[in-house]
Amino acid sequence: MPVTGPDFISLQARDLDASRAFYERYLGLVKSDAGPPHAVVFDTKPIAFAIRDLAPGTDLGGVAQPGIGAAIWLHATDVQDIHDALVADGHTIVAAPIDGPFGRTFTFADPDGYQVTLHDRA
């Protein structure tokens, strides 16, 4: 049987509570009841998005940018408002908002340094 497509995205986090608070506060994500105790699974559609404790032997502090080479894009309805809130609170914006084929788009760094792009065109 062939693979049918992505089904789950998970990022490792140094501080699970701080990362959960960041994604809830700035992106408006809501924690799902699903998931093991070492992870926070958010109620996202169509693909589940989660953060989890570091796997044994993982050192996010030992790399310049976690997840380098991978592109993480999330759809949002209020891209500019999210950008403005992140800027107001001093979070790193990697690429300023632009209007392009995916609508309003910008990239930020999360608390662990993962670069996440938001766009508003479904």
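**View 1. Lys45 and its neighbours in the predicted model.** At 70% relative accessibility, Lys45 counts as exposed, and the coordinates shown here and in every other view belong to a predicted model. Lys45 forms a salt bridge with Asp43, in which the closest N and O atoms lie 2.9 Å apart. The partner, Asp43, has a relative accessibility of 46% and therefore counts as partly exposed. On its other side, Lys45 is joined to Pro46 by a cis peptide bond, with omega at about 0°, and Pro46 itself is found in the loop between E2 and E3.

**View 2. Polar contacts of Thr44 in the loop between strands E2 and E3.** Thr44 lies in the loop that runs between strand E2 (39-42) and strand E3 (48-53). A polar atom of the Thr44 side chain lies 2.7 Å from the backbone oxygen of Ile47, and the side chain of Thr44 also reaches the backbone nitrogen of Phe49, at 3.0 Å. Pro46, whose peptide bond with Lys45 is cis, is found in the loop between E2 and E3 as well.

**View 3. The salt bridge between Arg14 and Asp112.** The side chains of Arg14 and Asp112 meet in a salt bridge, with a distance of 2.9 Å from N to O. Arg14 lies in the loop between strand E1 (8-13) and helix H1 (16-27), whereas Asp112 lies in the loop between strand E6 (103-109) and E7, so the pair ties together parts that are 98 residues apart in sequence. As to the surroundings of the two partners, Arg14 is partly exposed, with a relative accessible area of 45%, while Asp112 is buried, with a relative accessible area of 5%. The model has five salt bridges by the rule applied here, and the pair of Arg14 and Asp112 is one of them.

**View 4. Arg104, with Asp99 and Val79.** Arg104 forms a salt bridge with Asp99, the closest N and O atoms being 3.1 Å apart. Arg104 counts as partly exposed, at 23% relative accessibility, and Asp99 is exposed, with a relative accessible area of 60%. Side chains of opposite charge can pair when their charged atoms come close. The view also takes in Val79, which is 25 residues from Arg104 along the chain and has its C-alpha atom 6.6 Å from that of Arg104. Val79 is found in helix H2 (residues 79-88), and its relative accessibility of 2% places it under the 20% limit, so it counts as buried.

**View 5. His83 and Asp84.** His83 lies in helix H2 and is buried, with a relative accessible area of 12%. The side chain of His83 makes a polar contact with the side chain of Asp84, at 3.0 Å. Asp84 is also one of the residues in a surface patch of negative charge, which is the subject of the next view.

**View 6. A patch of negative charge on the surface.** Asp78, Asp81, Asp84 and Asp120 gather in a patch of negative charge on the surface of the model. Of these residues, Asp120 is placed in the segment after strand E7 (115-119), and with a relative accessibility of 33% Asp120 counts as partly exposed. Asp84, another member of the patch, is the residue whose side chain makes the polar contact with the side chain of His83.

Terms used
Residues numbered from 1 in each chain as written. Predicted model: local features only at pLDDT ≥ 70, side-chain atom pairs only at ≥ 80, totals over all residues. Heavy atoms only, no water. Patch = residues over 30% accessible without salt bridge, like charges linked within 9 Å, V, L, I, M, F, W, Y side chains within 5 Å. Areas by Shrake-Rupley, 256 points an atom, 1.4 Å probe, with all protein chains shown as cover. Salt bridge = Lys/Arg side-chain N within 4 Å of Asp/Glu carboxyl O. Lys, Arg positive; Asp, Glu negative; His and termini not counted. Charge placed at Lys NZ, Arg CZ, Asp CG, Glu CD. Helix = DSSP H or I, 4+ residues; strand = E, 2+ residues; numbered from the N terminus. Buried < 20%, exposed > 50% of the residue type's maximum accessible area, 1.4 Å probe, protein only. Polar contact = N/O pair within 3.5 Å; in protein donor to acceptor, adjacent residues only side chain to side chain.
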